[in-house]
Amino acid sequence: MMLHGTHRKSTFHANLEEDVGPTTDAETPGATAVGAVVSRPHVAFFIRALHGGGAQRDAILLANSLFETGIDVSILTLVPDGRLRQLVADGVRIIHVPAKRLATAVVPLRNAISKLQPTVLFSSEAAPNVAAFAATRLIPPKSRPRLVLREVTAPSIAKGLDPYLQNRLAFRAAGYVYSRADRVLTLTEGARRDLILNFGVPAERINVMTSNAVIDPPTAARLAHRAGTAETREKGLLVAIGRLSPEKDHLTLIGAFADLVKRVPARLVIVGEGPMRPALEDTIARLDLEDRVTLAGATNDPFAWLLKADLLVTSSKFEGLGNVLIEALACGTAVVSTDCPYGPREVLEGGRLGGLVPVGDTKALSKAIELALNTPTDRASLRRAAERHTTRQAAAYLISNLELG
(Lines give C-alpha, C1' and ligand atoms only; values in the text may rest on other atoms or scores of the structure.)
Protein backbone atom coordinates (compact mmCIF):
# COMPACT_ATOMS: atom_id res chain seq x y z
CA MET A 1 0.00 0.00 0.00
CA MET A 2 1.33 3.42 -0.90
CA LEU A 3 0.45 6.24 1.43
CA HIS A 4 -0.34 8.58 -1.42
CA GLY A 5 -3.81 8.57 -2.91
CA THR A 6 -5.57 8.92 0.45
CA HIS A 7 -6.69 12.45 1.15
CA ARG A 8 -9.49 14.18 2.98
CA LYS A 9 -10.30 17.65 4.16
CA SER A 10 -8.14 18.57 7.16
CA THR A 11 -10.72 18.75 9.94
CA PHE A 12 -9.08 18.69 13.36
CA HIS A 13 -10.86 16.82 16.12
CA ALA A 14 -10.27 16.80 19.87
CA ASN A 15 -6.84 15.54 20.87
CA LEU A 16 -7.19 12.21 22.66
CA GLU A 17 -4.73 10.88 25.20
CA GLU A 18 -4.89 7.25 26.23
CA ASP A 19 -2.98 5.05 28.64
CA VAL A 20 -2.16 1.76 27.01
CA GLY A 21 -2.46 -1.41 29.06
CA PRO A 22 -2.78 -5.06 28.16
CA THR A 23 -6.34 -4.89 26.79
CA THR A 24 -7.78 -6.76 23.84
CA ASP A 25 -8.62 -5.32 20.45
CA ALA A 26 -12.32 -5.42 21.28
CA GLU A 27 -11.69 -3.12 24.23
CA THR A 28 -9.64 -0.61 22.26
CA PRO A 29 -11.39 2.57 21.07
CA GLY A 30 -10.65 3.11 17.40
CA ALA A 31 -8.72 -0.15 16.92
CA THR A 32 -9.14 -2.05 13.67
CA ALA A 33 -10.18 -5.67 14.14
CA VAL A 34 -8.03 -8.30 12.47
CA GLY A 35 -9.37 -8.93 8.98
CA ALA A 36 -11.28 -5.64 8.80
CA VAL A 37 -10.92 -3.38 5.76
CA VAL A 38 -8.51 -0.52 6.45
CA SER A 39 -9.94 2.66 5.00
CA ARG A 40 -6.73 4.66 5.19
CA PRO A 41 -3.19 4.25 6.49
CA HIS A 42 -2.43 4.77 10.17
CA VAL A 43 1.05 5.96 11.07
CA ALA A 44 2.18 5.73 14.70
CA PHE A 45 5.13 7.87 15.78
CA PHE A 46 7.19 6.67 18.74
CA ILE A 47 8.71 9.70 20.46
CA ARG A 48 10.58 9.14 23.71
CA ALA A 49 9.09 12.22 25.36
CA LEU A 50 7.18 15.35 24.42
CA HIS A 51 10.15 17.45 25.37
CA GLY A 52 13.64 17.65 23.95
CA GLY A 53 15.22 19.15 20.87
CA GLY A 54 15.05 19.02 17.10
CA ALA A 55 14.47 15.26 16.78
CA GLN A 56 11.34 15.44 18.90
CA ARG A 57 10.10 18.72 17.48
CA ASP A 58 10.36 17.79 13.82
CA ALA A 59 8.83 14.35 14.43
CA ILE A 60 5.79 16.09 15.93
CA LEU A 61 5.59 18.54 13.03
CA LEU A 62 5.86 15.67 10.55
CA ALA A 63 3.08 13.81 12.39
CA ASN A 64 0.88 16.90 12.18
CA SER A 65 1.51 17.30 8.46
CA LEU A 66 0.76 13.65 7.69
CA PHE A 67 -2.50 14.02 9.60
CA GLU A 68 -3.42 17.01 7.44
CA THR A 69 -3.29 14.78 4.34
CA GLY A 70 -5.94 12.43 5.71
CA ILE A 71 -3.70 9.78 7.27
CA ASP A 72 -4.59 8.60 10.76
CA VAL A 73 -1.75 9.55 13.09
CA SER A 74 -0.92 8.64 16.69
CA ILE A 75 2.03 9.58 18.88
CA LEU A 76 3.25 6.97 21.36
CA THR A 77 5.34 8.44 24.15
CA LEU A 78 6.65 7.71 27.63
CA VAL A 79 6.24 11.35 28.70
CA PRO A 80 3.01 12.87 27.34
CA ASP A 81 3.12 16.14 29.29
CA GLY A 82 6.33 17.76 28.08
CA ARG A 83 6.66 21.32 26.79
CA LEU A 84 6.36 20.16 23.15
CA ARG A 85 2.85 18.82 23.70
CA GLN A 86 1.41 22.18 22.69
CA LEU A 87 2.84 21.62 19.20
CA VAL A 88 0.75 18.48 18.64
CA ALA A 89 -2.20 19.19 16.34
CA ASP A 90 -5.73 18.48 17.49
CA GLY A 91 -6.76 15.15 16.03
CA VAL A 92 -3.34 13.55 16.45
CA ARG A 93 -3.83 11.09 19.28
CA ILE A 94 -1.30 11.04 22.11
CA ILE A 95 -0.91 7.56 23.57
CA HIS A 96 0.88 7.23 26.90
CA VAL A 97 3.18 4.21 27.01
CA PRO A 98 3.36 3.43 30.74
CA ALA A 99 7.08 3.01 31.33
CA LYS A 100 9.53 5.20 33.20
CA ARG A 101 12.43 4.61 30.83
CA LEU A 102 13.16 3.05 27.47
CA ALA A 103 14.80 0.00 29.02
CA THR A 104 11.44 -1.09 30.45
CA ALA A 105 9.27 0.22 27.61
CA VAL A 106 9.48 -2.65 25.15
CA VAL A 107 6.50 -4.69 26.40
CA PRO A 108 4.24 -1.66 27.07
CA LEU A 109 5.16 -0.36 23.62
CA ARG A 110 4.34 -3.76 22.10
CA ASN A 111 0.95 -3.59 23.83
CA ALA A 112 0.30 -0.11 22.44
CA ILE A 113 1.23 -1.15 18.92
CA SER A 114 -0.93 -4.27 19.14
CA LYS A 115 -3.92 -2.19 20.22
CA LEU A 116 -3.52 0.51 17.60
CA GLN A 117 -2.57 -1.81 14.74
CA PRO A 118 -0.89 0.95 12.73
CA THR A 119 0.21 0.47 9.15
CA VAL A 120 3.58 1.99 9.97
CA LEU A 121 5.60 2.58 13.13
CA PHE A 122 7.95 5.56 12.72
CA SER A 123 10.71 6.16 15.26
CA SER A 124 13.66 8.54 15.63
CA GLU A 125 16.90 8.46 17.70
CA ALA A 126 19.05 5.43 18.41
CA ALA A 127 17.60 4.27 21.75
CA PRO A 128 13.92 4.69 20.80
CA ASN A 129 14.73 2.98 17.50
CA VAL A 130 16.13 -0.07 19.29
CA ALA A 131 13.09 -0.15 21.61
CA ALA A 132 10.72 0.16 18.64
CA PHE A 133 12.50 -2.69 16.85
CA ALA A 134 12.36 -4.94 19.92
CA ALA A 135 8.67 -4.17 20.48
CA THR A 136 7.68 -4.98 16.91
CA ARG A 137 9.64 -8.25 17.05
CA LEU A 138 7.31 -9.36 19.87
CA ILE A 139 4.37 -9.07 17.46
CA PRO A 140 3.62 -11.90 15.01
CA PRO A 141 4.94 -11.04 11.53
CA LYS A 142 1.49 -10.97 9.94
CA SER A 143 0.28 -8.40 12.49
CA ARG A 144 3.30 -6.15 12.93
CA PRO A 145 3.52 -2.73 11.25
CA ARG A 146 6.21 -1.77 8.81
CA LEU A 147 9.08 -0.27 10.78
CA VAL A 148 10.64 2.98 9.59
CA LEU A 149 13.61 4.18 11.65
CA ARG A 150 15.06 7.64 11.30
CA GLU A 151 18.70 8.26 12.20
CA VAL A 152 18.91 11.91 13.22
CA THR A 153 22.59 12.35 14.03
CA ALA A 154 26.14 11.45 12.96
CA PRO A 155 26.20 7.80 14.08
CA SER A 156 29.93 7.09 14.35
CA ILE A 157 30.50 10.21 16.43
CA ALA A 158 27.30 10.05 18.44
CA LYS A 159 28.03 6.52 19.64
CA GLY A 160 30.78 8.07 21.78
CA LEU A 161 29.58 11.64 22.31
CA ASP A 162 25.78 11.59 22.37
CA PRO A 163 24.63 13.35 25.56
CA TYR A 164 22.32 10.47 26.45
CA LEU A 165 23.89 7.23 27.73
CA GLN A 166 20.94 5.24 26.41
CA ASN A 167 21.68 6.44 22.87
CA ARG A 168 25.40 5.69 23.19
CA LEU A 169 24.58 2.16 24.28
CA ALA A 170 21.94 1.74 21.59
CA PHE A 171 24.44 2.47 18.83
CA ARG A 172 26.12 -0.85 19.71
CA ALA A 173 23.03 -2.56 18.29
CA ALA A 174 22.34 -0.06 15.52
CA GLY A 175 23.88 -2.12 12.74
CA TYR A 176 21.81 -5.19 13.60
CA VAL A 177 18.59 -3.23 14.15
CA TYR A 178 18.83 -0.91 11.15
CA SER A 179 19.72 -3.79 8.84
CA ARG A 180 16.40 -5.43 9.74
CA ALA A 181 14.10 -2.41 9.66
CA ASP A 182 11.79 -2.04 6.68
CA ARG A 183 13.34 1.33 5.92
CA VAL A 184 15.95 3.61 7.47
CA LEU A 185 15.86 7.34 6.85
CA THR A 186 18.76 9.71 7.36
CA LEU A 187 18.75 13.49 7.20
CA THR A 188 22.07 13.76 5.35
CA GLU A 189 24.07 11.87 2.77
CA GLY A 190 26.95 11.82 5.26
CA ALA A 191 24.90 9.87 7.80
CA ARG A 192 23.79 7.43 5.09
CA ARG A 193 27.42 6.72 4.13
CA ASP A 194 28.29 6.36 7.82
CA LEU A 195 25.63 3.69 8.37
CA ILE A 196 26.71 1.78 5.27
CA LEU A 197 30.47 1.91 5.86
CA ASN A 198 30.67 1.73 9.65
CA PHE A 199 27.52 -0.12 10.72
CA GLY A 200 27.05 -2.52 7.81
CA VAL A 201 23.53 -1.39 6.98
CA PRO A 202 22.59 -2.43 3.42
CA ALA A 203 22.53 0.60 1.12
CA GLU A 204 19.17 -0.40 -0.34
CA ARG A 205 17.50 -0.05 3.07
CA ILE A 206 18.52 3.60 3.54
CA ASN A 207 16.98 6.71 2.04
CA VAL A 208 18.07 10.30 2.58
CA MET A 209 15.14 12.56 3.32
CA THR A 210 15.26 15.34 0.76
CA SER A 211 13.18 17.54 3.05
CA ASN A 212 12.94 17.75 6.83
CA ALA A 213 9.87 18.88 8.76
CA VAL A 214 11.14 22.21 10.07
CA ILE A 215 8.81 24.97 8.83
CA ASP A 216 5.10 24.34 9.42
CA PRO A 217 2.35 26.31 7.60
CA PRO A 218 1.64 28.82 10.42
CA THR A 219 5.36 29.57 10.69
CA ALA A 220 5.70 29.91 6.92
CA ALA A 221 2.84 32.42 6.91
CA ARG A 222 4.37 34.30 9.83
CA LEU A 223 7.76 34.51 8.15
CA ALA A 224 6.26 35.56 4.81
CA HIS A 225 4.44 38.40 6.55
CA ARG A 226 7.60 39.41 8.38
CA ALA A 227 9.59 39.38 5.13
CA GLY A 228 7.28 42.06 3.77
CA THR A 229 7.81 44.42 6.70
CA ALA A 230 10.66 46.68 7.69
CA GLU A 231 13.59 44.96 9.41
CA THR A 232 13.77 45.43 13.19
CA ARG A 233 16.93 43.50 13.96
CA GLU A 234 19.28 44.32 16.78
CA LYS A 235 22.64 45.24 15.32
CA GLY A 236 25.40 43.03 16.70
CA LEU A 237 23.02 40.50 18.27
CA LEU A 238 24.37 36.95 18.01
CA VAL A 239 22.04 34.09 18.85
CA ALA A 240 22.90 30.43 19.47
CA ILE A 241 20.07 27.92 19.91
CA GLY A 242 20.64 24.42 21.21
CA ARG A 243 20.77 22.19 24.26
CA LEU A 244 23.38 23.23 26.82
CA SER A 245 25.37 20.02 26.52
CA PRO A 246 28.96 19.21 25.56
CA GLU A 247 28.33 18.29 21.91
CA LYS A 248 27.05 21.83 21.21
CA ASP A 249 30.40 23.19 22.45
CA HIS A 250 29.14 26.52 23.75
CA LEU A 251 32.43 26.95 25.61
CA THR A 252 34.21 27.44 22.28
CA LEU A 253 31.49 29.89 21.24
CA ILE A 254 31.90 31.93 24.41
CA GLY A 255 35.66 31.96 23.91
CA ALA A 256 35.21 33.15 20.33
CA PHE A 257 32.79 35.83 21.51
CA ALA A 258 35.27 37.01 24.15
CA ASP A 259 37.83 37.47 21.39
CA LEU A 260 35.29 39.14 19.08
CA VAL A 261 34.17 41.86 21.52
CA LYS A 262 37.74 43.14 21.76
CA ARG A 263 37.16 44.47 18.23
CA VAL A 264 33.39 44.57 17.61
CA PRO A 265 30.47 45.70 19.78
CA ALA A 266 28.16 42.70 20.09
CA ARG A 267 25.82 40.79 22.36
CA LEU A 268 25.35 37.01 22.61
CA VAL A 269 22.17 35.19 23.62
CA ILE A 270 22.34 31.42 24.07
CA VAL A 271 18.89 29.86 23.93
CA GLY A 272 18.53 26.41 25.47
CA GLU A 273 18.77 24.47 28.69
CA GLY A 274 20.88 21.55 29.84
CA PRO A 275 23.60 20.19 32.11
CA MET A 276 26.32 22.57 30.92
CA ARG A 277 24.61 25.65 32.36
CA PRO A 278 26.81 25.86 35.51
CA ALA A 279 30.02 25.55 33.48
CA LEU A 280 28.84 28.17 31.01
CA GLU A 281 27.85 30.55 33.82
CA ASP A 282 31.27 30.10 35.40
CA THR A 283 33.02 30.79 32.09
CA ILE A 284 30.91 33.88 31.42
CA ALA A 285 31.75 35.22 34.88
CA ARG A 286 35.46 34.39 34.57
CA LEU A 287 35.66 36.26 31.26
CA ASP A 288 33.71 39.19 32.72
CA LEU A 289 30.97 38.86 30.08
CA GLU A 290 27.87 38.95 32.29
CA ASP A 291 26.67 42.17 30.66
CA ARG A 292 27.19 40.80 27.13
CA VAL A 293 26.20 37.11 27.28
CA THR A 294 22.74 35.87 28.31
CA LEU A 295 21.62 32.29 28.91
CA ALA A 296 17.98 32.68 27.96
CA GLY A 297 16.66 29.17 28.71
CA ALA A 298 14.65 26.87 26.45
CA THR A 299 11.93 28.05 24.09
CA ASN A 300 9.23 26.60 21.85
CA ASP A 301 9.58 29.61 19.54
CA PRO A 302 13.15 29.92 18.19
CA PHE A 303 11.87 32.24 15.45
CA ALA A 304 11.24 35.04 17.94
CA TRP A 305 15.01 35.18 18.55
CA LEU A 306 16.07 34.50 14.97
CA LEU A 307 13.97 37.34 13.61
CA LYS A 308 15.74 39.76 15.96
CA ALA A 309 19.26 38.44 15.48
CA ASP A 310 21.96 39.84 13.24
CA LEU A 311 23.55 36.39 13.09
CA LEU A 312 22.96 32.78 14.17
CA VAL A 313 26.09 31.00 15.37
CA THR A 314 26.40 27.25 15.94
CA SER A 315 29.51 25.70 17.42
CA SER A 316 28.54 22.02 17.47
CA LYS A 317 30.97 19.11 17.40
CA PHE A 318 28.45 17.10 15.34
CA GLU A 319 24.90 17.47 14.04
CA GLY A 320 22.27 15.26 12.48
CA LEU A 321 21.12 18.04 10.19
CA GLY A 322 20.97 21.26 12.18
CA ASN A 323 17.32 22.31 12.11
CA VAL A 324 18.23 25.65 13.64
CA LEU A 325 20.31 26.43 10.54
CA ILE A 326 17.21 25.92 8.41
CA GLU A 327 15.12 27.99 10.81
CA ALA A 328 17.66 30.82 10.54
CA LEU A 329 17.70 30.67 6.74
CA ALA A 330 13.89 30.78 6.72
CA CYS A 331 14.10 33.98 8.74
CA GLY A 332 16.65 35.48 6.36
CA THR A 333 19.20 35.46 9.18
CA ALA A 334 22.89 35.13 8.39
CA VAL A 335 24.66 32.01 9.71
CA VAL A 336 28.11 30.97 10.86
CA SER A 337 28.58 27.32 11.79
CA THR A 338 31.24 24.78 12.53
CA ASP A 339 31.86 22.43 9.62
CA CYS A 340 30.94 19.43 11.72
CA PRO A 341 29.59 16.05 10.59
CA TYR A 342 27.22 16.03 8.84
CA GLY A 343 24.48 18.59 8.51
CA PRO A 344 25.93 22.11 8.30
CA ARG A 345 27.93 21.62 5.10
CA GLU A 346 24.89 20.11 3.35
CA VAL A 347 22.41 22.69 4.67
CA LEU A 348 24.71 25.63 3.92
CA GLU A 349 25.62 24.24 0.49
CA GLY A 350 29.32 24.00 1.17
CA GLY A 351 29.52 27.52 2.62
CA ARG A 352 27.52 29.33 -0.07
CA LEU A 353 24.73 30.14 2.39
CA GLY A 354 26.83 30.76 5.49
CA GLY A 355 30.29 30.62 6.99
CA LEU A 356 31.85 27.25 7.87
CA VAL A 357 34.78 26.95 10.29
CA PRO A 358 36.69 24.02 11.81
CA VAL A 359 35.25 22.42 14.94
CA GLY A 360 36.74 23.78 18.18
CA ASP A 361 38.71 26.60 16.52
CA THR A 362 38.03 29.67 18.67
CA LYS A 363 40.00 32.12 16.53
CA ALA A 364 38.48 30.94 13.24
CA LEU A 365 34.99 31.19 14.70
CA SER A 366 35.65 34.70 15.99
CA LYS A 367 36.96 35.86 12.61
CA ALA A 368 34.06 34.27 10.72
CA ILE A 369 31.54 36.00 12.99
CA GLU A 370 33.28 39.34 12.46
CA LEU A 371 33.26 38.85 8.70
CA ALA A 372 29.57 37.94 8.69
CA LEU A 373 28.65 40.98 10.77
CA ASN A 374 30.45 43.21 8.29
CA THR A 375 28.99 41.58 5.16
CA PRO A 376 25.55 42.52 3.76
CA THR A 377 23.06 39.64 3.99
CA ASP A 378 21.03 38.55 0.96
CA ARG A 379 18.02 37.64 3.05
CA ALA A 380 15.80 36.71 0.11
CA SER A 381 18.29 34.07 -1.07
CA LEU A 382 18.50 32.58 2.40
CA ARG A 383 14.72 32.37 2.65
CA ARG A 384 14.47 30.63 -0.71
CA ALA A 385 17.04 28.04 0.36
CA ALA A 386 14.88 27.05 3.34
CA GLU A 387 11.74 26.52 1.29
CA ARG A 388 12.37 22.81 0.68
CA HIS A 389 12.26 22.09 4.41
CA THR A 390 8.57 22.65 5.05
CA THR A 391 6.51 20.13 6.96
CA ARG A 392 4.26 19.60 3.94
CA GLN A 393 7.19 18.80 1.67
CA ALA A 394 8.60 16.39 4.25
CA ALA A 395 5.22 14.66 4.52
CA ALA A 396 4.95 14.54 0.73
CA TYR A 397 8.37 12.87 0.59
CA LEU A 398 7.17 10.07 2.83
CA ILE A 399 3.84 9.72 1.09
CA SER A 400 5.17 9.63 -2.47
CA ASN A 401 8.53 7.90 -2.06
CA LEU A 402 8.15 5.25 0.65
CA GLU A 403 6.01 2.15 0.36
CA LEU A 404 4.80 2.11 3.92
CA GLY A 405 1.76 -0.13 3.73
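The following questions and answers examine how selected assignments in this predicted model are justified.

Q: What makes the contact between R85 and D81 a salt bridge?
A: The closest N and O atoms of R85 and D81 are 3.3 Å apart. The cut-off is a Lys or Arg side-chain nitrogen within 4 Å of a carboxyl oxygen of Asp or Glu, so the pair qualifies.

Q: Why is D81 called exposed, and why is R85 called partly exposed?
A: D81 has a relative accessibility of 60%, and exposed means over 50%. R85 has a relative accessible area of 26%; because this value falls between the limits of 20% and 50%, R85 is classed as partly exposed.

Q: What makes R222 and D301 a salt bridge, and which parts of the chain does the pair tie together?
A: Their closest N and O atoms are 2.9 Å apart, and the criterion is within 4 Å. R222 belongs to helix α8 (residues 217-227), whereas D301 sits in the loop between β11 (293-297) and α11 (302-306), so the salt bridge ties together parts that are 79 residues apart in sequence. R222 is partly exposed at 33% relative accessible area, and D301 is partly exposed at 26%.

Q: How do you know that E319 and K248 form a salt bridge, and where in the chain do they lie?
A: The N to O distance between their side chains is 2.9 Å, and the cut-off is within 4 Å. The pair links distant parts of the chain, 71 residues apart: E319 is in the loop between β12 (311-314) and α12 (323-330), and K248 is in the loop between β9 and α9. Both E319 and K248 are buried, that is, each has under 20% relative accessible area.

Q: How many salt bridges does a search of the whole structure find, and which residues are linked in a network?
A: The search finds 19 salt bridges. E231, R233, R379 and R383 are linked in a network of such contacts.

Q: What makes the phi of Q117 notable, and where is Q117 placed?
A: The phi of Q117 is near 50°, a positive value in a residue other than glycine. Q117 is in the loop between α2 (106-116) and β5 (120-124), just after α2. Its relative accessibility is 24%; because this lies between 20% and 50%, Q117 counts as partly exposed.

Q: Why is α2 described as largely enclosed by the rest of the structure?
A: Of the 11 residues of α2, 8 are buried, so the helix is described as largely enclosed. The buried residues are V106, P108, L109, N111, A112, I113, K115 and L116.

Q: Why is D249 called buried, and what is its phi?
A: D249 has a relative accessibility of 12%; because buried means under 20%, D249 meets the criterion. Its phi is near 50°, a positive value in a residue other than glycine. D249 is found in the loop between β9 (237-241) and α9 (250-260).

Q: What makes β3 and β4 paired strands, and how is β4 covered?
A: Strand β3 (residues 72-79) is joined to β4 by 4 bridges, and the two run parallel. Pairing requires at least two bridges, so the criterion is met. Within this pairing, L76 stands opposite I95 in β4. Both faces of β4 (residues 93-96) are covered: R93 and I95 on one side, and I94 and H96 on the other, are all buried.

Q: Which peptide bond is cis, and where is Y342 found?
A: The bond joining P341 and Y342 is cis, with omega about -10°. Y342 is found in the loop between β13 (334-338) and α13 (343-347).

Q: Why are C331 and C340 called buried, and what is the count of disulfides?
A: The relative accessible area is 1% for C331 and 3% for C340; because buried means under 20%, both residues qualify. The count of disulfides is 0, the criterion being a pair of cysteine sulfur atoms within 2.5 Å.

Q: What lines the largest pocket, and which element gives the most to its lining?
A: The largest pocket holds about 1,100 Å³ of space. Its lining has 48 residues, of which G53, G54, A55, R243 and K248 lie nearest the centre. The elements giving two or more residues are α1 (54-68), β9, β12 and α12, and α1 gives the most, with 5. By class, the lining has 17 nonpolar, 18 polar and 13 charged residues.

Technical notes. Residues numbered from 1 in each chain as written. Predicted model: local features only at pLDDT ≥ 70, side-chain atom pairs only at ≥ 80, totals over all residues. Heavy atoms only, no water. Buried < 20%, exposed > 50% of the residue type's maximum accessible area, 1.4 Å probe, protein only. 1 Å grid on protein atoms, 1.4 Å probe; cavity = no way out; pocket = protein on both sides within 12 Å on 5 of 7 lines; lining within 4 Å. Points joined across faces, edges and corners; volume = space filled by probe spheres on them. Nonpolar A, V, L, I, M, F, W, Y, C, P; charged D, E, K, R; others polar.
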